[in-house]
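User: Please give me a close look at one helix and its surroundings, with the cut-offs behind each term. How is this part enclosed, and how does the rest of the chain compare in its packing?

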Amino acid sequence: MSVLDNSFGYLLGQHSETGRKEQAIYYLSKKFTPCEDKYTLIERICCALTWIAQKLRHYMSVYTIHLISRLDPLKYIFQKPMPTGKLAEWKIFLNEFDIVYITQKAIKRQALSDHLVENPVDGDYEPLTTYFPDEEVLFAGEDIEELYTGWRMFFDGAANFKGDRIGAILITESGQHYPASAKIRFPCTNNIAEYEECIFGIIMAVDMNVKELLVIGDSDLLIHQVQGEWSTKNVKILLYLHCVKELCRKFTKIEFKHVPRI
C-alpha cells in the first residue's frame with residue numbers, strides 16, 4: 001500500500017505454494033476527500049486501510065493478510081488505550097481481520113502500488129459508510145425506547161463541502177417511523193444547520209398533531225440553549241432559539257435530550 005498527500009493505491013497479491021512467485025489479484029487507487037487531506041500521514045494510512053478492508057472484505061475475512069507499508073497503522077490504531085471518534089471506528093472495524101504488518105523493503109510489486117497512487121482514478125468518492133455491517137452492533141448506549149414510550153424525534157444535519165443538509169425522524173408510540181430530509185439552499189454554520197433541522201422536525205410533529213414529544217439530538221449547544229442552561233450571544237442563533245421556543249408552546253409537554261455523538 002502506498003499513501004501520498006491526496007491519494008492512495010494498493011495491490012492485493014497472493015504467494016504461490018512455493019512462496020517464490022506472486023500473483024496480482026486486485027489493485028486500485030483512490031483520491032482522499034478534502035477533509036481526509038487534512039489528516040496526518042499515519043491517519044491517512046489508517047483511513048486507506050479501512051477503505052481497502054471494506055472493498056476486499058471477502059478476501060481479508062478468511063485469510064491472514066500481510067500489510068506492506070512504510071508506516072505501521074495497526075500499531076497506531078490498536079495501542080491507543082482509549083481511542084475516540086474515527087480512530088475508535090477504525091479499531092472496531094479492523095478488529096475482525098487477521099492483519100500482520102511487514103516493513104516495506106525493495107519489493108517488486110510495490111512499483112505497481114506506487115504507480116497507482118500517483119495516478120488515482122477520477123470519479124465520485126465512495127464514503128466509508130459500512131463500518132458496522134451487522135445490525136446487531138449499530139446501537140450502543142442507553143435504550144431510550146424503554147425509558148420513553150411516547151413520541152420521539154431525532155434530528156441531525158451537517159454543513160460541509162457537499163452542501164448543507166438536514167434530516168429528522170419521528171417515531172410514534174407504536175414504533176412507526178416517519179423520516180424526512182431536506183437541503184438548505186443558503187450557506188450556514190453547523191450550529192445554524194442543527195437549529196434548522198430541529199425546527200424542521202418539530203414542525204413535522206406539529207403538523208401531525210403531536211402533543212407530547214421527546215426531542216433527541218447530538219448538538220450539545222442547541223440542547224443546553226433551549227433548556228436555558230447556556231446563554232446565547234450570537235444574534236443569528238438567538239432568532240432560531242426564539243423560533244424553537246415559540247414552537248414548543250404548541251405542545252402540552254416537550255422535552256429535549258442530548259445524546260453524545262460518540
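Analyst: The buried residues of helix α4 are L87, A88, W90, F93 and L94; buried denotes under 20% relative accessible area, exposed over 50%, and partly exposed in between, with a 1.4 Å probe and protein chains only. The model is predicted, so local features require pLDDT of at least 70 and side-chain atom pairs count only at pLDDT 80 or more, while totals for chains, interfaces and linings use all residues. Residues are numbered from 1 along each chain as its sequence is written, and side-chain values use heavy atoms, leaving out hydrogens and water.

Helix α4 comprises residues 85-94. Among the elements that cover its buried residues are α1, α2 (57-60), α3 (73-78) and β5 (99-103). Helices (H or I, at least four residues) and strands (E, at least two) are DSSP runs numbered from the N terminus.

Of these neighbours, α1 (residues 41-55) may be examined in detail. Its 15 residues should span 21 Å at 1.5 Å a residue, and its end C-alpha atoms are indeed 21 Å apart; the expected span is 1.5 Å times one less than the number of residues. Because 13 of the 15 residues of α1 are buried, this helix is largely enclosed by the rest of the structure.

The axes of α1 and α4 come within 10 Å and cross at roughly 40°, which means that α1 is oblique to α4. Axes are lines fitted to C-alpha atoms, for helices over the stretch in contact, with angles from 0 to 180 degrees between N-to-C directions. Angles under 35 degrees count as roughly parallel, over 145 as roughly antiparallel, 65 to 115 as roughly perpendicular and the rest as oblique. The crossing of α1 past α4 is left-handed: a crossing has that hand if the near helix is turned anticlockwise from the far one by less than a right angle, and is right-handed if clockwise.

On the α1 side, E43, C46, C47, L49, T50, A53 and Q54 take part, meeting K86, W90, F93 and L94 of α4; contact means heavy atoms within 4.5 Å. W90, F93 and L94 also belong to the buried set of α4. C46 is buried at 0% relative accessible area. Its sulfur lies 8.7 Å from the closest cysteine sulfur, that of C47, which is too far for a bond. A disulfide is a pair of cysteine sulfur atoms within 2.5 Å, and a search of the whole structure finds 0 of them.

Strand β5, also part of the cover over α4, contains T103. T103 is partly exposed, at 47% relative accessible area. I68 is 35 residues away from T103 along the chain, yet their C-alpha atoms are separated by 6.0 Å.

For comparison, consider a second helix pair, α7 (residues 190-207) and α9 (residues 235-248), whose axes come within 10 Å and cross at roughly 15°. That angle makes α7 roughly parallel to α9, and this crossing is left-handed. The contact involves N191, I192, Y195, E196, I199, I202 and I203 of α7, together with K236, I237, Y240, L241, C243, V244 and L247 of α9. Helix α7 has 18 residues and reaches 26 Å between its first and last C-alpha atoms, close to the expected 26 Å. Its buried residues include I192, Y195, E196, I199 and I202.

Beyond α7 comes N209, in the loop leading to β9 (212-217). N209 has a positive phi of about 60° although it is not a glycine, and it is exposed at 56% relative accessible area. K253 of strand β10 (residues 253-258) touches K211, E212 and L213, residues up to four places away in sequence being disregarded. K253 and L213 are 40 residues apart in sequence but 6.5 Å apart from C-alpha to C-alpha. K253 is partly exposed, with a relative accessible area of 37%.

In the chain as a whole, there are 9 helices and 10 strands, and buried residues make up 39% of the 262 residues. Among contacts with a separation of 6 or more, 68% join residues 24 or more positions apart.
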